[in-house]
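Thanks for coming. I will go through one structure today, a piece at a time, and you can follow along on the screen.

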Amino acid sequence: MKFCQGPKCHMHKTKDRIKGTKGSKTYQTRRRSKFYYGKGNFCSTWCQDQWLTKYIEPALDHFGRTTVAKHLTQDNAWYKDYDWNSDYNNRQYIYVNGITKEQRPLTEEQFNDSNYTLNTGE
Ligand SMILES: [Zn+2]
């Protein structure tokens, strides 16, 4: 079980947040085995947005701001795709370059491997 990381989760007054023993019930931060927002850290997009509003500036200062334009070139334009018309068992996976339109075959394993890439830059 883990807690929602929304800094104001407990301030959102819903029935499921009321916890505690009779006479000392309070609205509390949601606790679940699984959350579906923000990589499993937030109970809702509202809580995710509250976190973002509170921490976006120090987070950008910490991890680095984009200060110059990034460029999509043929070196980082590869994306994975498959033929959407075929059924799952006969699916053909391909790597497509969004700039040159070049296509290269891809195995299902490579398609599902999020670390596998032909891109050489960001
Ligand atoms: Zn929450």
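One definition before we start: a residue is called buried under 20% relative accessible area, exposed over 50%, and partly exposed in between. Take Pro 7. Its relative accessible area is 23%, so Pro 7 counts as partly exposed. Keep in mind throughout that this is a predicted model.

Let me stay with Pro 7 for a moment. Where does Pro 7 sit? In the loop between β1, residues 2–3, and β2, residues 18–19. Leaving aside neighbours within four places in sequence, Pro 7 is in contact with Cys 47, Gln 50, Trp 51 and Lys 54. Gln 50 belongs to helix α1. Seen from the side of Gln 50, the contacts are Pro 7 and Lys 8, again not counting residues up to four places away in sequence. Is Gln 50 buried or exposed? Its relative accessibility is 17%, and the limit for buried is under 20%, so Gln 50 counts as buried.

Now the metal. Which residues are the protein donors of the zinc ion? They are Cys 4, Cys 9, Cys 43 and Cys 47, each through its SG atom, and they lie 2.2 to 2.4 Å from the zinc ion. Cys 47 has come up already, as one of the contacts of Pro 7. Written as a sequence pattern, the spacing of the donor residues is C-x4-C-x33-C-x3-C.

What is the geometry of the site? The angles among the 4 donor atoms run from 105 to 113 degrees, and the site is tetrahedral. For reference, the ideal angle for four tetrahedral donors is 109.5 degrees. As for accessibility, Cys 4 has a relative accessible area of 4%, so it is buried. Cys 9 is at 0%, so it counts as buried too.

Next, the loop between β4, residues 31–32, and α1, residues 45–63. Gly 38 is found there, and so is Lys 39. Gly 38 is at 28% relative accessibility, which means partly exposed. Lys 39 is exposed, with a relative accessible area of 85%. Lys 39 also has a positive phi of about 55 degrees, although it is not a glycine. Why mention that? Because most residues other than glycine have a negative phi.

Two distances, both C-alpha to C-alpha. Gly 38 and Ser 86 are 48 residues apart in sequence and 32 Å apart in space. Pro 7 and Arg 104 are 97 residues apart in sequence and 46 Å apart in space.

That brings me to a sheet. This is an open sheet of 3 strands, in the order β5-β6-β7, with antiparallel pairing. Which strands are at the edges? β5, residues 78–82, and β7, residues 103–106, since each of them pairs on one side only. On average, neighbouring strands of this sheet are turned by 30 degrees against each other, direction ignored. As background, strands of a sheet pair through backbone hydrogen bonds, either parallel or antiparallel.

Look at one pair in detail. β6 and β7 pair in the antiparallel sense over 4 bridges. In one of the bridges, Ile 94 has Pro 105 in β7 as its partner. The hairpin of β6 and β7 has 5 residues between the strands. Lys 101 is in that loop, and its phi is positive, near 70 degrees, in a residue other than glycine. At 58% relative accessibility, Lys 101 counts as exposed.

The last residue is Asn 97, which lies in β6, residues 93–97. Is Asn 97 buried or exposed? It is buried, with a relative accessible area of 2%. Which residues does Asn 97 touch, not counting those up to four places away in sequence? Gln 74, Ala 77, Trp 78 and Glu 102. Of these, Trp 78 falls within the residue range of β5, 78–82. There is also a link a short way along the chain: a polar atom of the side chain of Asn 97 lies 2.9 Å from the backbone nitrogen of Ile 99.

To recap, we have seen a tetrahedral zinc site, an open sheet of 3 strands, and a lysine with positive phi in each of two loops, Lys 39 between β4 and α1 and Lys 101 between β6 and β7. That is all from me.

Terms used: Residues are numbered from 1 along each chain as its sequence is written. This is a predicted model: local features need pLDDT of at least 70, side-chain atom pairs count only at pLDDT 80 or more; totals for chains, interfaces and linings use all residues. Side-chain values use heavy atoms; hydrogens and water are left out. Buried means under 20% relative accessible area, exposed over 50%, partly exposed in between (1.4 Å probe, protein chains only). A polar contact is a pair of N or O atoms within 3.5 Å; within protein, one must be able to donate a hydrogen and the other to accept it, and residues adjacent in sequence count only if both atoms are side-chain atoms. Contact means heavy atoms within 4.5 Å. Donors are N, O and S atoms within 2.8 Å of the metal (3.2 Å for Na, K and Ca); water is not among the atoms, so sites may look incomplete. Four donors count as tetrahedral if all angles lie between 85 and 135 degrees; four count as square planar and six as octahedral if opposite donors are over 155 degrees apart and all others between 65 and 115; anything else is irregular. Two strands pair if DSSP finds at least two bridges between them. Axes are lines fitted to C-alpha atoms, for helices over the stretch in contact, and angles run from 0 to 180 degrees between N-to-C directions.
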